[in-house]
Amino acid sequence: MQTQLGNAAFPRLLRRSLSYIPSILYSLHSLLNLFHFFRFLSNSSPQSQKHKEMASPFLSNTTISFSSSLSSSSLPRIAPSIPFSSIRSNSTPRRILTVRSKIREIFMPALSSTMTEGKIVSWVKSEGDVLSKGESVVVVESDKADMDVETFYDGILAAIVVGEGETAPVGAAIGILAETEDEIAEAKAKAASKSGASTPSAPPPAPAPGAASTPGPPKSTPAPAAPTVAEGPRKTVATPFAKKLAKQHKVDIESVVGTGPYGRITPEDIEAAAGLSPSKKNVGLAVVVETKPAAPAKAPAASAAPSSLPPPVPGSTVVPFTTMQAAVSKNMVESLSVPTFRVGYPVTTDALDALYEKVKPKGVTMTALLAKAAAMALAQHPLVNSSCKDGKSFTYNSNINIAVAVAINGGLITPVLQDADKLDLYLLSQKWKELVEKARAKQLQPQEYNSGTFTLSNLGMFGVDRFDAILPPGQGAIMAVGASKPTVVADADGFFSVKNKMLVNVTADHRIIYGADLAAFLQTFSKIVENPESLTL
Amino acid sequence: MHSTLSFSQATTVPTTNYAFHSQSPINLRFCGLRREAFGISILTRSSSGRVRLSTRGRSKRTSASTGNNGTPPKSFDYDLIIIGAGVGGHGAALHAVEKGLKTAIIEGDVVGGTCVNRGCVPSKALLAVSGRMRELQSEHHMKALGLQVSAAGYDRQGVADHANNLASKIRSNLTNSMKALGVDILTGFGTIVGPQKVKYGKVGFTDNVVTAKDIIIATGSVPFVPKGIEVDGKTVITSDHALKLEFVPDWIAIVGSGYIGLEFSDVYTALGSEVTFIEALDQLMPGFDPEISKLAQRVLINPRKIDYHTGVFATKITPARDGKPVIVELTDAKTKEHKDTLEVDAALIATGRAPFTYGLGLENINVVTQRGFVPVDERMRVIDANGNLVPHLYCIGDANGKMMLAHAASAQGISVVEQVTGRDHVLNHLSVPAACFTHPEISMVGLTEPQAREKAEKEGFEISVAKTSFKANTKALAENEGEGLAKLIYRPDNGEILGVHIFGLHAADLIHEASNAVALGTRIQDIRFAVHAHPTLSEVLDELFKSAKVLDMKTLRKMKS
């Protein structure tokens, strides 16, 4: 029953956006849990292997097993690496995905949805054993149970990378499977490099001369000589979770300098040493550390920060963020790492206002008009629609997706009008209405709020005449729109007249968009708004 | 079981003798005696030395001690006095009233005892919070249910208040229920001054002396703190302090991984603490069935922010002071060598509980405690220093150490009341369930698998084990809580249930079907036809009983021939 349901669900889900992939996988995981049916194997190229794995479950009923080697932790990385969701629904994708390599890695499978690492209880097969498809190879102890793991390929167990009693994170290679004897040597070499690479000696962190517990000159090994402590060598103190993390991420705990109370090593210290994004609860704090890695004294200072905050005023209440608020907070802090600048521009809106009056009865909203105008301007200035993902390149977006900021019940969300340049005004207005309804009902799908390439924020309806918006991470520019107000203007001939003027202010990422680019874009935008007939075409 | 001694009370006119057991050699009845006459009978017995009462080969002697206070009173203030108003005393008092006894209960502290004020009750309030926190924090769990929840947080004082309010509420319920039934609540510490005589009073006030035909000691226990550990109530604490939840440390060492330690690890980790267990035995959770404890460790320990040291004693624990953290010295349990030193923010001592029997005046009736426990026979009758039964004196609950559980104390109390009102009763402790309220819960009744195997070997029978998983249960899956196991240990030859162990959602509520079956002697071949509502978690046990293979008569006969 469960299987049938699950399989039937795949094609339907497939047609949707790739944002669904994590949830599909999740259901796969639960299915796997139910059926205790674990087989896994994959070829040696991690990239293509991922694609293959991703694709396989959707192609046949029997290949569920592939996905068991996907760890839930690796999902976020996998999802963006598959930009061709449409290809996979083709009828002949097998050919595309054919794998040439004959040496395959055996991965630590995810035996449960919560499993992050697994311990090898025993290898059922030894190196050199010939394996046939479906045979048990290794017994893995997960956080839940001991499970036999089967191979999905015939071959020879060329090398065992992770020995009995050792632990490996989900998705890590634990053994190498060669297809023929000729490849054993090659596989062994691969195994050697694997085991070498899998135990990276964590680079000793920069000494922290400022840290209270270790005064004196920087030392290469902090452990043996802690001068001021009279009791002799101080042992490393790490919290239980810190130890777990260290093991999981193969961080040498002795090389980590603790920043916790009494100089103890906290989970955050390990995360920092492993180069991981810190856990949620300390996002703001840890970002400070992250952006200034060169200043070691900052770390203890930063960790001391919370205690140095003034105590709350008596009678104050602390209300934790909602998920939405937490997401906003996270994005806002992240935005600090982007160098932005702003360019303002007055736009005459008499013609636009007149048009609005005309189309209003047809259900067109001002938001749709502005989004359409911005999209049309962006079509002429693709640079402003681009973004800088890595600090080294421009990413030009093929679609113009206008995200529009909306305040909703104490939160802020940006429903996205996709292909705003291509849809006509009426469709766009219709679409917008749907999005707002969905947003209110909290039913927006991820791609309906995170696929924007340019953001529009309008506070004009509140009488705000101008403001300045923060550039959301992952986009090149955001436009802040103020109220349209009757303004006295003098023309070139010295005649005064009253025109409705609206101030728009664009914030952009100066790594890719420069002042002149923005000015040119605004000029185009202004022209479109001042001659809005094109909007209705 | 097999005893036939019934000291029935005159006023209840017990004309029936419940003790018609064929094996019993002697039926000795003191029925139908008037109060006055009863007193004389005691006198008679004491003057004639001892009356020998034999119960099937056992030589337990009843002697009326003529100690310091000489002769017992001829008429009594009460039929029954219970010293200690905990759950055990309360259960006994309620049952005594039902049986028509004039009952008084003496309490020196607060009504409700450990369970209500410093134990099961407030800890359940904390665990209710921790369970919800855990659920709300589990992103993938919420996502699987299609729920979106904002960042879960808690207000420590609010949580502490919830626990405290619950305790007060249950305490007042308990007090009111006794008052309403006419149980006299006497305030002060009770001391036995002689046979059937108790004095009570507060320090600095004159003592009152009351007499009763029967006395039940139900004084309970206090947290046991091994020597070398300095409890300051702030950073080095016992469960008494921990339940007030005055602070939530970043890192807490829990000494002992039994029920109390496990439950607190559940609370503390849900509230954001990291936990280090210190266990003297080689394995965590030593009291549980090994299979259950292995699974429990996988679910309750390994994935959480918990590490542990096993096979070590915490020989010295110093509270945080002078800018130093709490320091825990670990000593190897076998070699007695220093093994490690931990620096933590707090330490919870959960090494068990010690009986609270000091100052009870047991010396006045020639009773010597064993490690503080009051020695009793299987009917909770107190045994004196010479191995004789002390007449009219019983001890129930933690103070006798037979089974240190609130409901066991209550059951023992009810058993005693049954006996003093003329109906012999022996509590089958193997039918008393136990539960640990972690998330998910652990529960059990009867023997563990190793215990059952030992017994089977000794007595020469076979045992079998049946298991079912929560993963196959519809209701558990609907809750997205498929993690769990139920295990049945039974005799395939006659279908007797020897033990049932459950780890999973609501295990503590599920165990009673099994414990009732054990108590009533229901066999698997009968209970398997009982119907369970679908879909409910109870079907886990339904499956369990159905999966057990009890040999039918034909097979048995074949085997014998």
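B:Arg118 is partly exposed, at 24% relative accessibility. On this scale, buried means under 20% relative accessible area, exposed means over 50%, and partly exposed lies in between, calculated with a 1.4 Å probe on protein chains only. The model is predicted, so local features need pLDDT of at least 70 and side-chain atom pairs count only at pLDDT 80 or more, while totals for chains, interfaces and linings use all residues. Residues are numbered from 1 along each chain as its sequence is written, chains are lettered from A and ligands numbered from 1 in the order in which they are written, and side-chain values use heavy atoms, with hydrogens and water left out.

**Salt bridges in chain B**

B:Arg118 takes part in a salt bridge with B:Asp109. The term stands for a side-chain nitrogen of Lys or Arg within 4 Å of a carboxyl oxygen of Asp or Glu. Over all chains, the structure holds 31 salt bridges. Three of those in chain B are set out here.

| Pair | Closest N and O atoms |
|---|---|
| B:Asp109 and B:Arg118 | 3.3 Å |
| B:Glu418 and B:Arg423 | 2.7 Å |
| B:Arg491 and B:Asp493 | 2.9 Å |

B:Asp109, the partner of B:Arg118, is partly exposed with a relative accessible area of 47%. In the second pair, B:Glu418 is buried at 7% relative accessibility, whereas B:Arg423 is partly exposed at 35%. In the third pair, B:Arg491 counts as buried at 16%, and B:Asp493 counts as partly exposed at 26%. Salt bridges with shared partners also link B:Asp289, B:Glu291, B:Glu449, B:Arg453, B:Lys467 and B:Lys487 into one network.

**Chain B as a whole**

Chain B contains 16 helices and 25 strands. Helices (H or I, at least four residues) and strands (E, at least two) are DSSP runs, numbered from the N terminus. Of the chain's 561 residues, 55% count as buried. A contact means heavy atoms within 4.5 Å. Among contacts in chain B between residues at least 6 apart in sequence, 63% join residues at least 24 apart.

**Three residues of chain B**

B:Asp214 belongs to strand β8 of chain B, which covers residues 208–217. Is B:Asp214 buried or exposed? B:Asp214 is buried, because its relative accessible area is 2%. Its side chain makes a polar contact of 3.1 Å with the side chain of B:His392. A polar contact is a pair of N or O atoms within 3.5 Å; within protein, one must be able to donate a hydrogen and the other to accept it, and residues adjacent in sequence count only if both atoms are side-chain atoms. With neighbours within four places in sequence left aside, the residues in contact with B:Asp214 are B:Asp79, B:Leu80, B:Ile81, B:His392, B:Tyr394 and B:Val420.

UniProt, in an unreviewed entry, lists residues under "binding site", including B:Lys124, B:Thr219, B:Asp398 and B:Ala406. UniProt positions are given in the numbering used here, feature names are shortened, and annotations may be inferred rather than shown by experiment.

B:Thr219, one of the listed residues, sits in the loop between β8 and β9 (221–223) of chain B. A polar atom of its side chain lies 2.9 Å from the backbone oxygen of B:Phe356. Not counting residues up to four places away in sequence, B:Thr219 touches B:Ile83, B:Phe356, B:Thr357, B:Leu360 and B:Ala399.

B:Ala406, also listed, is in helix α10 of chain B, residues 406–420. B:Ala406 is partly exposed, with a relative accessible area of 22%. Beyond its neighbours within four places in sequence, B:Ala406 is in contact with B:Val87, B:Cys115 and B:Cys120.

**Chain A**

The pLDDT is the predictor's confidence in each residue, from 0 to 100. For chain A its mean is 71, and 65% of the residues reach 70 or more. Over residues 196–232 of chain A the pLDDT is below 50, and this stretch has 31 contacts in the model beyond near neighbours in sequence.

Two strands pair if DSSP finds at least two bridges between them. Strand β3 (residues 117–123) of chain A runs antiparallel to strand β8 (residues 167–169) of chain A, with three bridges joining them. A:Glu117 has A:Pro169 of β8(A) as its bridge partner. β3(A) also pairs with strand β5 (residues 136–141) of chain A, in the antiparallel sense over four bridges. In β5(A), A:Val139 stands opposite A:Ser122.
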